[in-house]
Amino acid sequence: MPRKLLLLPPLSARSALRVPRARPAAPPAMNAARTGYRVFSANSTAACTELAKRITERLGAELGKSVVYQETNGETRVEIKESVRGQDIFIIQTIPRDVNTAVMELLIMAYALKTACARNIIGVIPYFPYSKQSKMRKRGSIVCKLLASMLAKAGLTHIITMDLHQKEIQGFFSFPVDNLRASPFLLQYIQEEIPNYRNAVIVAKSPDAAKRAQSYAERLRLGLAVIHGEAQCTELDMDDGRHSPPMVKNATVHPGLELPLMMAKEKPPITVVGDVGGRIAIIVDDIIDDVESFVAAADILKERGAYKIYVMATHGILSAEAPRLIEESSIDEVVVTNTVPHELQKLQCPKIKTVDISLILSEAIRRIHNGESMAYLFRNITVDD
């Protein structure tokens, strides 16, 4: 029998007759919507709580519910009173006078949030403790590096801080560090609160502070002065034996090994490089703790003809007898930010003024949570600032 031929439609017609298959729905994108965030205060002191409330008010958020306290035996206990699972958590910790307790509060709260399944734990530490111990001193240790390792181990994933004593400290951390600057707020204070600031000169109380002072002077279009040297010892100081060389035991030296002898340093008498006569002197630094050097610098500037003296610093630690020494000195005003609690010192010395920096901290929190660039907060800031 003859075979029947099956006539097929042309290729274009076949494609038109093909019934499209239903494709499976694409899975929802992971983390399509960002989770929420919470802001916690790592201690219950009034100053830390006040700064945390300022920040949350600017963010339009509520302060996270937690309890931080010391038991009768001195141990720190932290209790988180709400769910933080899958959220970005910001821990605000100011450093009061009891530094070690504040560090333990921060570590324990970070670890508690980590075990409660927080997604990210960001420490907001305006003044980073132990930042002065960031270099090796003889047989000492770099305590700042140790603290950075402890914070990472406790669960922190990010840090927001302000004006680190040495910018190289950022290299101690295994996670991102945003080192914000307080200088825009202090510059604004100079322009708005110091009458006739155009007749001022920016002063560095030592050559080490010259770069910071130069930055202020160039932004304000003002002159620059640097104090160099130290006060010379009186005859009475020389007679009491305190400068006698210590006894040196005979050291064993390999035969034939003669190293060149390093000459000892000797600072010259105090001199002021720059003209401050008939001007307002503004001393700038990052930390004001022991104020003896600032008081001595103010006395020298007064002798050189400065008629008004301001001291401006980011972190006002003002420990020991600092308020009394400032009140009795030639310093007219000390301006610091609220990175460190100093309400008690302000009660003891009316010369101390405070500049609020909660605005930049709240904006940093908002940008980090929303994944936005932080470049806006570092406008016109160079590496040397």
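A pocket, as the word is used here, is an open set of grid points with protein on both sides within 12 Å along at least five of seven lines, and its lining residues have an atom within 4 Å of a point. With that in hand, welcome to this predicted model. Domain 1 (38–180) and domain 2 (183–231 + 268–355) both give residues to the lining of the largest pocket, so this pocket lies between them. Below you will find the pockets, and then two open sheets, one of five strands and one of seven.

**The largest pocket**

- The largest pocket holds about 1400 Å³ of space.
- Its lining is made up of 43 residues, and the closest to the pocket centre are His165, Ser206, Asp208, Ala209 and Asp285.
- Four elements give two or more residues to this lining: α6 (210–220), β9 (223–228), β11 (280–288) and α8 (292–303).
- Helix α8 gives the most, with five residues.
- By residue class, the lining of the largest pocket has 19 charged, 14 nonpolar and 10 polar residues.

**The second largest pocket**

- About 510 Å³ of space lies in the second largest pocket.
- Here 18 residues form the lining, and Pro184, Tyr376, Leu377, Arg379 and Ile381 are the closest to the centre.
- At least two lining residues come from each of α5 (183–193), α6 and α11 (358–370).
- Helix α5 has the largest share of this lining, with five residues.
- Nine of the residues lining the second largest pocket are nonpolar, five are charged and four are polar.
- Helix α6 is worth a second look, since this element supplies residues to the lining of the largest pocket and to that of the second largest pocket.

**The five-stranded sheet**

A general point helps with both sheets: strands of a sheet pair through backbone hydrogen bonds, either parallel or antiparallel.

- Five strands form an open sheet in the order β1-β4-β5-β6-β7, and their pairing is parallel.
- At the edges stand β1 (37–41) and β7 (177–180); each has a single partner strand, so one side of each is left without a neighbour in the sheet.
- On average, neighbouring strands of this sheet are turned by 15 degrees against each other, direction ignored.
- Within the sheet, β5 (residues 120–125) and β6 (residues 158–162) pair in the parallel sense over four bridges.
- One place to look for this pairing is Val124, whose bridge partner in β6 is Ile160.
- Helix α11 packs on this sheet and touches β1, β4 (88–92), β5, β6 and β7; the direction of α11 makes about 160 degrees with that of β6.

**The seven-stranded sheet**

- Seven strands form another open sheet, in the order β10-β9-β8-β11-β12-β13-β14, with mixed pairing.
- Its edge strands, β10 (271–273) and β14 (352–355), each pair on one side only.
- From one strand to the next, the twist averages 25 degrees.
- Strand β8 (residues 200–204) pairs with β11 in the parallel sense over four bridges.
- In this pairing, Val201 stands opposite Ala281 in β11.
- Helix α5 packs on the sheet, where it touches β11, β12 (308–316), β13 (333–337) and β14; the direction of α5 makes about 155 degrees with that of β12.
- Helix α8 also packs on the sheet, touching β8, β9, β10, β11 and β12, and its direction makes about 170 degrees with that of β11.

Conventions. Residues are numbered from 1 along each chain as its sequence is written. This is a predicted model: local features need pLDDT of at least 70, side-chain atom pairs count only at pLDDT 80 or more; totals for chains, interfaces and linings use all residues. Side-chain values use heavy atoms; hydrogens and water are left out. On a 1 Å grid over the protein atoms alone, a cavity is a set of points where a 1.4 Å probe fits but cannot get out, and a pocket is an open set with protein on both sides within 12 Å along at least five of seven lines; lining residues have an atom within 4 Å of a point. Grid points are joined across faces, edges and corners, and a volume is the space filled by probe spheres set on the points. Ala, Val, Leu, Ile, Met, Phe, Trp, Tyr, Cys and Pro count as nonpolar, Asp, Glu, Lys and Arg as charged, and the others, Gly among them, as polar. Domain bounds come from an automatic or database domain assignment. Two strands pair if DSSP finds at least two bridges between them. Axes are lines fitted to C-alpha atoms, for helices over the stretch in contact, and angles run from 0 to 180 degrees between N-to-C directions. Contact means heavy atoms within 4.5 Å.
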